[in-house]
Amino acid sequence: MALTRESATAAPTAVGRREVVAQWLGTAARLGLAAVWAWAGAAKISDPAAAAQAVRAYRILPEGLVRPFGYGLPFVELAIALLLLVGLGVRIAAAVSALLLLVYIAAIGSVWARGISIDCGCFGGGGAVAASKTAYLQEILRDAGFLLLAGWLLWRPRGRFAVDTWLAEN
């Protein structure tokens with residue numbers, strides 16, 4: 001459809017305005033989630049032994065998987081952050097984000113239910129702490145909030161300043 005002078009300068013419709021708002025919300029969700037993953041990955045990558053210790057504290061994985069998981073997780077988190085930052089493969093990055101967040105929520109719920117007192121190690125550190133130092137409910141609610149961001153991106157992956165959007169339009 002060719003744009004006429006009148007249609008190019010016409011006021012945006014309600015549907016058009018909603019789409020613009022949705023794209024900006026998607027951009028905010030994408031960049032916010034990218035910042036979370038970048039922060040989490042960067043905090044762990046400088047001390048992979050501590051990241052493995054944090055994974056071990058959950059007492060969920062067999063010892064043979066603790067080290068590969070602890071050492072590899074920061075790289076996965078940073079890769080997701082990079083994809084979300086540039087807006088490439090947003091729906092896939094959001095799906096991996098949602099999966100990881102569900103695993104984190106389940107793991108935190110598991111240690112809470114079993115009465116194990118740990119720091120989650122979500123942003124570095126981790127391991128055993130005094131029972132008074134645990135914050136399981138806040139951690140689960142925080143991750144649930146991040147899960148909502150990932151859910152939004154699964155539903156509406158397109159946003160502003162994203163490679164995916166640029167590729168779709170060109």
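## The pocket and its lining

Helices here are DSSP runs of at least four residues, numbered from the N terminus. With that in hand, note that this is a predicted model, and start with its largest pocket. H4 chips in the most to the lining of that pocket, with four residues. Helix H3 (48–57), helix H4 (63–86) and helix H5 (90–114) are each good for at least two lining residues.

How much space lies in the largest pocket? About 330 Å³. The lining runs to 18 residues, and nearest the pocket's centre you'll find Val 55, Tyr 58, Phe 69, Tyr 104 and Ala 107. Sorted by class, the lining comes out as 14 nonpolar, three polar and one charged residues.

## The largest nonpolar core

Now for the packing. The largest nonpolar core holds 19 residues, and the ones touching the most other members are Leu 33, Trp 37, Ile 80, Leu 84, Leu 100, Tyr 104 and Leu 153. Helix H2 (14–45), H4, H5 and helix H6 (136–155) each put at least two residues into this core. H5 has the largest share of this core, at seven residues.

Tyr 104 turns up in both stories: it lies among the residues nearest the pocket's centre, and it is also one of the core residues that touch the most other members.

## Around Trp 37, and a second core

What does Trp 37 contact, once its neighbours within four places in sequence are set aside? The list is Glu 77, Leu 78, Ile 80, Ala 81, Leu 84, Ser 97, Leu 100, Leu 101 and Tyr 104.

There's also a second, separate core, this one of 12 residues, including Tyr 58, Ile 108, Ile 116 and Ile 140. Tyr 58 is familiar from the pocket, where it is one of the residues nearest the centre.

Key: Residues numbered from 1 in each chain as written. Predicted model: local features only at pLDDT ≥ 70, side-chain atom pairs only at ≥ 80, totals over all residues. Heavy atoms only, no water. 1 Å grid on protein atoms, 1.4 Å probe; cavity = no way out; pocket = protein on both sides within 12 Å on 5 of 7 lines; lining within 4 Å. Points joined across faces, edges and corners; volume = space filled by probe spheres on them. Nonpolar A, V, L, I, M, F, W, Y, C, P; charged D, E, K, R; others polar. Core = buried A, V, L, I, M, F, W, Y, C linked by side-chain atoms within 4.5 Å. Buried < 20%, exposed > 50% of the residue type's maximum accessible area, 1.4 Å probe, protein only. Contact = heavy atoms within 4.5 Å.
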